[in-house]
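Student: I am new to this structure. Please take a close look at one part of it, the aromatic rings, and walk me through what is there.

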Amino acid sequence: MKFKAMTAIAALLLSAPAAMADEEAELVVNGDLNLVTRTAAPAHLADSLDEVLSGWRFRSDETQALQLDDFDNPGMIFVDQAMDTWGTVDGEKGKSCASCHDDVETSMKGVRAVYPKWNDSAEEVRTIAMQVNDCRENGMGAEKWKYTGGKMAAMEALISLQSRGMPVDVAIDGPAEVMWEEGKELYYTRTGQLDLSCANCHEDNYGNLIRADHLSQGHINGFPAYRLKNAKLNTVHARFKGCVRDTRAETYKPGSAEFVALELYVASRGNGLSVEGPSVRN
Amino acid sequence: MASGVKPRVKVPKKAAAGDVIVIKTLISHKMESGQRKDKEGNLIPRSIINRFTCDFNGQSVMDATFESAISTNPYVQFEATVPEAGEFKFTWYDDDGSVYEESKKVAIG
């Protein structure tokens, strides 16, 4: 009897998540917007994951709290900056974002949830950053922004905010399927001197410690993410580059076809989670 | 001259008389510490918010001096007792002489 009780306790201890803060905590922004941070995994992940968890769930109480109120969310400063950029004329055609897209709150609603997305006329899968630079180059006659630069990250944050709370719903069939398969291939391919694939950390070891930090499942629903470690917004491709570098490999370039494919695949792994951007991470 | 400076304040619109309320303030500012050097090795001159004050109906609630180690986009949160309806006035003083102001009314009810 006593032995049984002991094993029960041991089992409890073992099954307790190695990691995360309050298991039951829910992400409610400004007291009225409920975000889905835990949901059933999309069908294509049936063999590997039962449920998908937002990176928010892996952070400490203090970091989580920063995302509960927009006033406390440092990412919102950059949203304000992008709001100014939205209405500012740039380039030789004398246009601003607002000249074509009008009010960002209506024109960009739902955009973040479905990107990266197949673009029919360009016949390629496009990320939001590619679309923004296409607008700047061809629509405005302005200089392209650096793919992972501050202006791009801020604009992505502004666009993401208009879809906040909507479920990520990236299409993986149709013309995008080829690229999605390429992204999947990359996700499971080991790279670098450490010989690690994305899956080794984010699928096999999420919740475990990597040095002093908890590995998340690596979803990108929260991007662009304000990171406390560098006090700025970080784009998806900058994070990919950091991860691949950490495996001690030569990385692909931000904006490269490889990273676009990977972004499409990784985004689709988080289908069903809420768009959180701009999120706060450590 | 600091650019892109924008003060933000969050104060409850209503409070009961005698209530202690939480006030959150943030000003976007690069807070150049004066200790960094540019590519040529020249010192980048200090450019920070050096003082922050909050008044309620003319009475001082807080008055703080900021030094060069205060981070970019300084965020200050504090509590204040609201004895009556009135207005909070917030003032940030920049090294370059600029003064940024913001005010919020609080009603009793």
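Tutor: Start in chain B of this predicted model. Ring pairs join Phe52(B), Phe56(B), Phe66(B), Phe78(B), Phe88(B), Phe90(B) and Trp92(B) into a cluster. Over all chains, the structure holds 14 aromatic pairs.

Take one pair from chain A. Phe58(A) and Tyr206(A) meet edge-to-face. Their centres are 6.2 Å apart, with 85 degrees between the planes. That angle counts as edge-to-face because it is over 60 degrees. The two rings come from distant parts of the chain, 148 residues apart. Phe58(A) sits in the loop between strand E4 (51-53) and helix H2 (61-65) of chain A. Tyr206(A) sits in the loop between helix H10 (198-202) and strand E7 (209-210) of chain A. Phe58(A) is buried, at 1% relative accessibility. Tyr206(A) is partly exposed, with a relative accessible area of 30%.

Now return to the cluster. Phe52(B) and Trp92(B) form a tilted pair. Here the centres lie 5.2 Å apart and the planes make 35 degrees. This pair, too, links distant parts of its chain. Phe52(B) belongs to strand E4 (residues 49-56) of chain B, and Trp92(B) to strand E7 (residues 86-94) of chain B. The two residues are 40 residues apart. Phe52(B) is buried, with 0% relative accessibility. Trp92(B) is buried as well, with a relative accessible area of 1%. Both residues are members of the ring cluster, alongside others including Phe66(B) and Phe88(B).

Technical notes: Residues are numbered from 1 along each chain as its sequence is written. Chains are lettered from A and ligands numbered from 1 in the order in which they are written. This is a predicted model: local features need pLDDT of at least 70, side-chain atom pairs count only at pLDDT 80 or more; totals for chains, interfaces and linings use all residues. Side-chain values use heavy atoms; hydrogens and water are left out. Rings of Phe, Tyr and Trp (its six-membered ring) pair if their centres lie within 6.5 Å; planes under 30 degrees apart count as stacked, over 60 as edge-to-face and the rest as tilted. Helices (H or I, at least four residues) and strands (E, at least two) are DSSP runs, numbered from the N terminus. Buried means under 20% relative accessible area, exposed over 50%, partly exposed in between (1.4 Å probe, protein chains only).
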